[in-house]
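Colleague: Could you take me through one part of this model in detail, namely the protein surface that faces one of the DNA strands?

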There are 2 protein chains.
Amino acid sequence: MTETDQTTQPRRSGLTPGAPAPLYQQLSDLLRERIKSGIYGPLDRLPSEHELAREHSISRITARQALGELERNGLVFRLQGRGSFVARPTVVQGLAQLTGFAEAMSAQGLEAVSRVLRLGPTRAATDVAERLRVPPGTPLFEIRRVRLVNDSPVSFDHSYFPADLGRRLAREDLVRRDVFWLLENVCGVRLGAADHQIGAVAAEEDIALQLGVPAGAPLLLIDRLSYDVTGMPIDYEHLYVRSDRVRYGLRLERPR
Amino acid sequence: MTETDQTTQPRRSGLTPGAPAPLYQQLSDLLRERIKSGIYGPLDRLPSEHELAREHSISRITARQALGELERNGLVFRLQGRGSFVARPTVVQGLAQLTGFAEAMSAQGLEAVSRVLRLGPTRAATDVAERLRVPPGTPLFEIRRVRLVNDSPVSFDHSYFPADLGRRLAREDLVRRDVFWLLENVCGVRLGAADHQIGAVAAEEDIALQLGVPAGAPLLLIDRLSYDVTGMPIDYEHLYVRSDRVRYGLRLERPR
DNA sequence: TAGTGGTCTAGACCACTGT
DNA sequence: CAGTGGTCTAGACCACTAT
């Protein structure tokens, strides 16, 4: 039995055991809050794992798990034998994460919409087939869109999906919704990761026209292959991005 | 000596308790090996945490820690109530990691060298000062290099360092050694992460000349600000990359 | 119901850091 | 030396999945 009776419950200093969020997450949220609000400033030493455990009446391992979370997010660094410290604030907090376009824009308070240029079945060319790991000629579903922020074009997307997924997507609101969002919330796909290959190219005429730049203007070309959690390829895209309008930011961690 | 003693020691099936590497790492290495060699194939279920614990005479938490490692590296995915499974192999295994240029090239069996164009003290212009978080006009150290692979140019790097670090670097072998490598192994810096902003630009004449491309050719422009583990800015760089010669690849994870 | 991963506890020993 | 984080144990209950 666990402490079924209430009166003897030790204080948790705000952490509640039965809550929807696990204890280690509650603690890491609490600490994150205190760091962001300046209660713990840059380079300050945080309470030790033992202290956190005592103070919140949790086990040391749980406190440790909370600190581990913050360390992975780059808010905290730990030195053996010395303690855990608040990292100096950096431009982009947190690891590089896979996000959809509208998702990333709305996180910055901007609204993104799409103009759908083409949407329908196609067959896998050899390069696409190779990336999606299907035989050449396999029926696929293709979507071509121009992404707009504040009514002005920022990128041209050419996406390929497995035929069934594509047909499902075609029925949804591709103008306002992220494909990633639709995949996860409508199609029941559990997205895992995506491999990117990034380069720079001169704009071809048709794409230049869609993006409102002169032919030959430099564009960011991102080849993105997304997988679900099992590693199954789900979505292969070419993104041509006007980098004068959008900056691609990411944070890489040095392996420990 | 392995098998230090002995009679009362429970079997560890190859895992040695006193070894330099911790048990959870030994186990995760062992599993990684079995996945790579195909003993556990794509989508196979791995032994449960309990089984691994029993089999190797370790605690369940330690087995769990090993699986967590593999999950973060994208080799394994876990489903509550079902088990842990081998992910399908993907192009780039592992999270996006911060690596130096030579480091990344040599991982692919290529040799990278640098031609140093300029190396010496300078003062922080406003944009550089802002990124490195020093007052404008602060003395810095500047290095301009062309990176070569197989004797042909692939990128032009313009780097700024704190003055003392830069002077230290200037005495070292910048032709063959990565700056990251020197920072870590000679200067005693513990690198943490780096923020990148990626765009595409048309090559200016002087850079075009150095890279052997026509003026106006599209180049990848990477603005990279590297920090040490404490979050202190260490190195601010502009990288102009011939993306016809090098592809920037990275893997982003969907947040859990 | 049985088995899985997710969370949590209350200890323990170690290596490393400061004094 | 005392305090810190790093590793490890032997349990426990929970939520979820399959049968």
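Modeller: What follows describes the surroundings of DNA strand D, and then a helix pair that shares residues with that surface. The model is a predicted one, and the distances below are computed from its coordinates. There are 28 residues around DNA strand D, and those that come nearest are A:Arg60, A:Arg64, B:Leu23, B:Ser59 and B:Thr62. At least two residues of this surface are supplied by each of H3, strand E1 (76-79) and strand E2 (83-86) of chain A, and likewise by each of helix H1 (23-36) and helix H3 (60-72) of chain B. By class, the surface divides into eight nonpolar, 11 polar and nine charged residues.

On the side of the nucleic acid, sugar or phosphate accounts for 71% of the atoms of DNA strand D within 4 Å of the protein, while the rest belong to bases. A polar side-chain atom of A:Arg64 lies 2.7 Å from a phosphate oxygen of the strand, and a backbone N or O atom of B:Ser59 is likewise 2.7 Å from a phosphate oxygen. For B:Arg60, an N or O atom of the side chain is 3.0 Å from a base nitrogen.

Turning to the helix pair, the axes of H2 (residues 49-56) and H3 (residues 60-72) of chain A come within 8 Å and cross at roughly 115°, in a right-handed sense. The contact involves A:Glu49, A:His50, A:Leu52 and A:Ala53 of H2(A), together with A:Arg60, A:Ala63, A:Arg64 and A:Leu67 of H3(A); these residues divide into four nonpolar, one polar and three charged.

Methods:
Residues are numbered from 1 along each chain as its sequence is written. Chains are lettered from A and ligands numbered from 1 in the order in which they are written. This is a predicted model: local features need pLDDT of at least 70, side-chain atom pairs count only at pLDDT 80 or more; totals for chains, interfaces and linings use all residues. Side-chain values use heavy atoms; hydrogens and water are left out. Axes are lines fitted to C-alpha atoms, for helices over the stretch in contact, and angles run from 0 to 180 degrees between N-to-C directions. Helices (H or I, at least four residues) and strands (E, at least two) are DSSP runs, numbered from the N terminus. A crossing is left-handed if the near helix is turned anticlockwise from the far one by less than a right angle, and right-handed if clockwise. Contact means heavy atoms within 4.5 Å. Ala, Val, Leu, Ile, Met, Phe, Trp, Tyr, Cys and Pro count as nonpolar, Asp, Glu, Lys and Arg as charged, and the others, Gly among them, as polar. A residue is near a molecule or strand if one of its heavy atoms lies within 4 Å of it. A polar contact is a pair of N or O atoms within 3.5 Å; within protein, one must be able to donate a hydrogen and the other to accept it, and residues adjacent in sequence count only if both atoms are side-chain atoms.
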